[in-house]
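Okay, thanks for squeezing me in. I'll put the structure up on the screen and then walk you through a few spots I'd like us to look at together.

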Amino acid sequence: MDPFSSHTANQRIQATRFFDEESDGFAQPWESDAIFYNPPGKQVVKAWRKMTEEVDAERADNIIFVGFSVEQLCILASEKYHPTDFSLVLLRKRISFLDDNGNTGSPSHGNFICGVNVDHERFSTVFTGKGKIISGKHAITRTIAPFTAV
């Protein structure tokens, strides 16, 4: 599931379920075996809180949060949970994102990927060579779902 997507973006992501701007991912329950999301600009904290609340309620595992900017790590510094509490990779190469028209382009800053409630060994295997991997020792729920690469 991708809670912040569009028909154009989902052609690349290929989520079996996604919410676009009209269906409002913030208003929907995030009940899924796997969640992939890149929060909308200026709503990173709101999206992070929504995700941690849903997981606290044991409705979601196997979550991949794509950080558009490493600066988001600072923005989330005062939250109950932080991306560094989980499996994290600080990417060496910028991600090529899609804009609303389906055009690709990389931001001028570094990106990261955070795996919440994923198997860290599997996460590490998938992202070896892609950047600096950090092993957060925390899981919000006790059940860790198998990680599937995106």
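So, start with Cys114 and who it touches: leaving out residues up to four places away in sequence, the list is Trp48, Ile63, Ile64, Phe65, Pro83, Phe86, Ser87, Leu88 and Phe123. One thing to keep in mind throughout is that this is a predicted model. One of those contacts, Ile64, is 50 residues away from Cys114 along the chain, yet the two C-alpha atoms are separated by 5.7 Å. And is Cys114 buried or exposed? Its relative accessible area is 0%, and the cut-off for buried is under 20%, so Cys114 counts as buried.

Now zoom out a bit. Cys114 sits in strand E6, which covers residues 112–116. E6 is mostly covered, with five of its five residues buried. Here's the general background: in a regular strand the side chains alternate between the two faces of the sheet. In E6, Phe112, Cys114 and Val116 point one way, while Ile113 and Gly115 point the other way, and all are buried.

Which strands does E6 pair with? There's E2, residues 63–67, which pairs with E6 in the antiparallel sense over five bridges. If you want a landmark there, take Val66, whose bridge partner in E6 is Ile113. Then there's E3, residues 87–91, also antiparallel to E6 and joined to it by four bridges. On that side, look for Leu90, which stands opposite Phe112 in E6.

Just past that, have a look at Asn117, in the loop between E6 and H4. Asn117 isn't a glycine, but its phi is positive, about 55°. Its relative accessible area is 2%, so Asn117 is buried. There's another positive phi at Asp24, near 55°, and again the residue is something other than glycine. Asp24 is in the loop between helix H1 (7–13) and strand E1 (35–37). With a relative accessible area of 33%, Asp24 comes out as partly exposed. If you're checking backbone torsions, those are two to click on.

Okay, aromatics. How many aromatic pairs does the structure hold? The count is 10. Take Tyr81 and Phe86: their ring centres are 6.2 Å apart and there's 50° between the planes, which makes the pair tilted. Tyr81 and Phe86 are both buried. Another pair is Phe123 with Phe127, centres 4.7 Å apart and planes at 50°, so that one is tilted as well. Where are Phe123 and Phe127? Both are in helix H4, residues 120–127, four residues apart, which is about one turn of the helix. Phe123 is buried at 0% relative accessible area, and Phe127 is buried at 9%. You'll remember Phe123 from the contact list of Cys114.

There's also a cluster built from ring pairs, linking Phe4, Phe26, Trp30, Tyr37, Trp48, Phe65, Tyr81, Phe86 and Phe112. At Phe26 there's a nice extra: the charged end of Lys46 sits over the ring, 4.3 Å from its centre.

Next stop, His82, in the loop between helix H3 (71–75) and E3. What does the side chain of His82 reach for? It reaches the backbone oxygen of Leu73 at 2.7 Å, and it makes a polar contact with the side chain of Thr84 at 2.8 Å. Setting aside neighbours within four places in sequence, His82 is in contact with Trp48, Leu73, Leu76 and Ala77. Trp48 is a familiar name, since Cys114 touches it too. His82 has a relative accessible area of 14%, which is under the 20% cut-off, so it counts as buried.

Last bit, back to cysteines. How many disulfides does a search of the whole structure find? Zero. And Cys74, buried or exposed? Its relative accessibility is 59%, and exposed means over 50%, so Cys74 counts as exposed. Cys114, as we saw, is buried at 0%.

That's my tour. Shall we rotate the view and go back to whichever spot you'd like?

Methods:
Residues numbered from 1 in each chain as written. Predicted model: local features only at pLDDT ≥ 70, side-chain atom pairs only at ≥ 80, totals over all residues. Heavy atoms only, no water. Buried < 20%, exposed > 50% of the residue type's maximum accessible area, 1.4 Å probe, protein only. Contact = heavy atoms within 4.5 Å. Pairing = 2+ DSSP bridges. Phe/Tyr/Trp six-rings, centres within 6.5 Å; stacked < 30°, edge-to-face > 60°. Lys NZ or Arg CZ within 6 Å of the ring centre and 35° of its normal. Disulfide = S-S within 2.5 Å. Polar contact = N/O pair within 3.5 Å; in protein donor to acceptor, adjacent residues only side chain to side chain.
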